[in-house]
Structure formats: structure tokens, C-alpha cells
Amino acid sequence: MKRLILLGSTGSIGDSTLKVVRALPDCFQVVGLAAGSDWKKLIQQAAEFGVRDVAVADGDSAAECGRHAPAGMNLRAGAGGIEALVRETEADCVVCAVVGLAGLRPVLAALQRGLDVALATKEVLVAAGPIVMDLSRRTGGRLLPVDSEHNAVFQCLAGAGIPPGAKADAQVRRIVLTASGGPFSSRREIDFDRVTVKEALAHPRWNMGRKVTIDSATLMNKGLEIMEAHWLFGVPLAKIEVLIHPESIVHSMVEFVDGSLLAQLSPPDMRFAIQYALTWPERRDGGLPSLDFTKIRLLHFEEPDMTRFPCLRLAREAATTGGSLPCVLNAANEVAVDQFLEGRIPFSGIARTVEQVMDAHEVIRAPDLEGLVAADAWARGQALLAMAQPV
Ligand SMILES: NC(=O)c1ccc[n+]([C@@H]2O[C@H](COP(=O)([O-])OP(=O)(O)OC[C@H]3O[C@@H](n4cnc5c(N)ncnc54)[C@H](OP(=O)(O)O)[C@@H]3O)[C@@H](O)[C@H]2O)c1
């Protein structure tokens, strides 16, 4: 029985994680739950899974939660409350499915305790890869990838006897991350100045939270994933490729130095990745469906168009420069996506904002945590300023 703390339980990955727990009740016990603001859903989840220790990040929502929480519920409030939940609750594994850099400090708190972290929140590794990986090595807390592409690579590497945290570089010729391409990669007629929020949120394959869905539409998501793969598997950026694969059946591939290539395939449903991350190194039957190859028939692969999707180019540039630049790219992107979702900037404004903020940034070579926090705050302010200027 693995005891889980689930951060971001009220979101899309949170929902899918709880489905996995429901399907395998003998394997997992949920001992802690954390949400941003949806305290009503959190209370329902806590009641269903018999959880006493919870946290709510937003102050007002936490206060409301406190007024309605059943007797005996141990509620922590604010961003510090989520960290406290991780520090104080007896557990074996923390599932981090909080959106954005808000996941960083709770992940560091979990690793500090030597706990395994099943990580969905890619922004954590994008912004603070060296700090997170170093802490993981020092404490023995392992990072188990939940993001479907990285989980696929993790499965391919496990098949070759390479455990999480080991540098795979010596045995790997290249990693191929697949990308669905989002709603726009196959629609060349689309005018990115006029795309509506509804169109951008209409992902053809995956049903996900709003931020990651917009990141998929700009292909920033794949850029963030290049960095995530670089840190998770210790493979140089030059060996990490991206291919558009609209069917989202092959979730990623690893070509080994002998030229053989392993791929992981499954229907596009996050429960496959979450379940493997949580049951690893074992495999369990959680009732997930089989692929029907007679229905798939064709699988397509093509190169991404870096001109139409500048976010992918910007993320590669940030990754290559390193230092504080990936953190700055991530922060500017989080703010710009939020503003697009609020209807304040056009879709094309996301890449423009990120580029302007990156251009204005003086890169810090090897920032410590405080340096990253400062760079993150600077980039958020700078992004808001950039978006306030007339185009
Ligand atoms: N969804 C997917 O299929 C998928 C696939 C791969 C990777 N990911 C990654 O997984 C992460 C979560 O994605 P998602 O799609 O599940 O997002 P989501 O549906 O928007 O859920 C986000 C979760 O984070 C919580 N949250 C928001 N702000 C917070 C804060 N400041 N502090 C603590 N919690 C906060 C939300 O709480 P409230 O709703 O209560 O406010 C919610 O529980 C993202 O990093 C994403 O890139 C997602």
C-alpha cells in the first residue's frame, strides 16, 4: 500500500490520479490532498477517500473551506500550507499536479524528505532543473515522470534497465518526443491574431487543464518538455527531437546507441502514465482499455513548423542559453497565457510577450533558488508591462 499526497487534486491530472486510485484500491491510500481554490471539490474528495490532511493555497478559499470543513479535518492555508502538508504528513510519494511554478516549493519539500515525487508539473523542472535534480540525487527522493511523453521515455528506459535518476546519455542516441500538434498545426489557414479562446481550448486529442491546453496550441508545451526531458534523463538537448504525431498513440520513443528504437503506445488517456508512475517498477491491471490497431490504421509523423510556432524556437533558445532564461521564459509564458485566456491579448501575443521578456533579461549563469524566485518575479512584471504596450 503506497501512501500518496496529491497536490492539485481538483484539476485534470488530479481527477485522473483519483480514478487510478479508485481502480487499484489495494495499491494506494490517499493521505493528503491540496487544491488552489476549489474547496468544495476538495472536501468531497477528502470525504470519499477518508483524508484528514488537506491544504488550500488561495487564502479566501481556505477560509471558506475552514468554515465548511467537517470536524477532524486538518486544514493548512496558503502557499505555505501546501508545503506544510508535504512536510508534516506521513507518506511514500507526492503526486505534484499543481499548475505552474507554484509546484516548485512543495516538490523541493518532498525531495528534502527523500520522498518520491510523481511529477506532472513540468514548469518545476523547466525553471529549476539543476536545483531539483541535485536535491533528488542528494536525498534519494526519485522523480517519477507523469507527463505522458516523459512517462513513455521512462518506460522505454526501464525496458533497457535504466532506472529513474540515472543518466541515460551513454546508451541513448536520441529521444523523440511526440506532439499532437494541438488544434492548429494542421490548419494552415488559421490567423493567429484572430484565434478565439474557445478555438484554442478545443484540443483534438487530450482533455486537459486550460494552461497546458493553450501551451499545446502554441507548441510551448513541447518546448517545456524538451527541457523537462533534458533534466529528467540527463540527455543533451541536441539529442532531444520533436515530431508532430496527430494521432497521439505513440507517446514518445528512445533510439539507443545500437540503432534500435523503443516506443510506448497507448490510447491518449493520462491514466496510463499516472498508473505506471505510481505502480513502478511493477505493472498492475487497472482496467485500462487496449489499443485497437484495426481502428487506428495509420500513424503520421512530421516535423514541427518553427516559423508558425515561434514558442518552440524560443524554448529551444532558452534551454540552450540556460541559467535563469528558462525560468524567465516560463514565467512570461504563464502570465501571457493567463492574459490570453482573459481575452486581453491575441493568441499571437503569447509568443511576442515571451520573446520581448527574454530579450530584456540579463541572464544569471547559475542562479540559486532565491535568484530564480527573483528572476520569476521580474519576468512576470516585465510580461505585464510588455502586454500593456501597443503592438
Ligand atoms: N492535464 C493533462 O493531461 C496534463 C498532461 C501532462 C502534464 N500536465 C501538467 O500537469 C500540471 C497540471 O495540469 P492540469 O491539466 O491538471 O491543470 P488544471 O486542470 O488546471 O489543474 C491545476 C491544479 O492546480 C491547482 N492550483 C492552481 N493554482 C495553484 C496554486 N497557486 N497552488 C496550489 N495549487 C494550485 C488547481 O486548484 P483549483 O482548481 O482548486 O484552483 C488544480 O487542482 C501542469 O503543469 C500541466 O502542464 C497536465
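In this predicted model, a convenient place to begin is T10, a residue that lies in the loop between strand 1 and helix 1, the latter covering residues 12-23. Is T10 buried or exposed? With a relative accessibility of 17%, T10 counts as buried, because the limit for that word is a relative accessible area under 20%. Leaving aside residues up to four places away in sequence, T10 touches A35, G36, D38, K41, L42 and Q45.

From this loop we can step back to strand 1 and to the sheet that holds it. Strand 1 belongs to an open sheet of 7 strands, which are arranged in the order 4-3-2-1-5-6-7 and pair in the parallel sense. At the edges of this sheet are strand 4, made of residues 74-77, and strand 7, made of residues 143-145, and each of these two pairs on one side only. Neighbouring strands of the sheet are turned against each other by 25° on average, when direction is ignored. In general, the strands of a sheet pair through backbone hydrogen bonds, and they may do so either parallel or antiparallel.

One pairing in this sheet can be followed in detail. Strand 1, which spans residues 2-7, is joined by 4 bridges to strand 5, which spans residues 93-96, and the two run parallel. Which residue of strand 5 is the bridge partner of L7? The partner is C96. Helix 5, formed by residues 104-112, lies across strand 1, strand 5 and strand 6, and its direction makes about 150° with that of strand 6, which covers residues 116-119.

The edge strand 4 also leads to a contact between charged side chains. R76 and E88 meet in a salt bridge through their side chains, with a distance of 2.9 Å from N to O. This pair links distant parts of the chain, since R76 sits in strand 4 whereas E88 sits in helix 4 (residues 78-88), 12 residues apart. The two partners can be compared by their accessibility: R76 counts as buried at 11% relative accessibility, while E88 is exposed, with a relative accessible area of 51%.

The structure has a second sheet to consider. Here 4 strands form an open sheet in the order 9-8-10-11, and the pairing is mixed. Strand 9 and strand 11 stand at its edges, and because each has a single partner strand, one side of each is left without a neighbour in the sheet. From one strand to the next, the twist averages 20°. Inside this sheet, strand 8 and strand 10, the latter made of residues 250-256, pair in the antiparallel sense over 5 bridges, and V176 stands opposite M253 in strand 10. Helix 10, which runs over residues 220-233, packs on the sheet and touches strand 8 and strand 9, while its direction makes about 145° with that of strand 8.

Strand 8 and strand 9 are also linked by a pair of charged residues. E241 forms a salt bridge with R174, and the closest N and O atoms of the two are 2.8 Å apart. Here again the pair links distant parts of the chain, with E241 in strand 9 (residues 240-244) and R174 in strand 8 (residues 172-179), 67 residues apart. E241 is partly exposed, with a relative accessible area of 31%, and R174 likewise counts as partly exposed, at 26% relative accessibility.

At the other edge of this sheet is strand 11, residues 261-265, where L265 is found. At 34% relative accessibility, L265 counts as partly exposed. Which residues make a nonpolar surface patch of about 350 Å²? The patch is made by L265 together with F293, L299 and F301.

A further salt bridge is found within a single helix. R313 forms a salt bridge with E317, and their closest N and O atoms are 3.1 Å apart. Because R313 and E317 are 4 residues apart in helix 13 (residues 310-321), they are separated by about one helical turn. R313 counts as partly exposed at 29% relative accessibility, and E317 counts as partly exposed at 36%. Elsewhere, salt bridges that share partners join K122, D147, E149, K222 and E225 into one network. How many salt bridges are counted? The count comes to 30 salt bridges.

How values were computed. Residues are numbered from 1 along each chain as its sequence is written. This is a predicted model: local features need pLDDT of at least 70, side-chain atom pairs count only at pLDDT 80 or more; totals for chains, interfaces and linings use all residues. Side-chain values use heavy atoms; hydrogens and water are left out. Two strands pair if DSSP finds at least two bridges between them. Axes are lines fitted to C-alpha atoms, for helices over the stretch in contact, and angles run from 0 to 180 degrees between N-to-C directions. Contact means heavy atoms within 4.5 Å. Patches are made of residues with over 30% relative accessible area and no salt bridge: like charges are joined within 9 Å, nonpolar side chains (Val, Leu, Ile, Met, Phe, Trp, Tyr) within 5 Å. Accessible areas come from the Shrake-Rupley method with a 1.4 Å probe; for residues, only the protein chains shown count as cover. A salt bridge is a side-chain nitrogen of Lys or Arg within 4 Å of a carboxyl oxygen of Asp or Glu. Buried means under 20% relative accessible area, exposed over 50%, partly exposed in between (1.4 Å probe, protein chains only).
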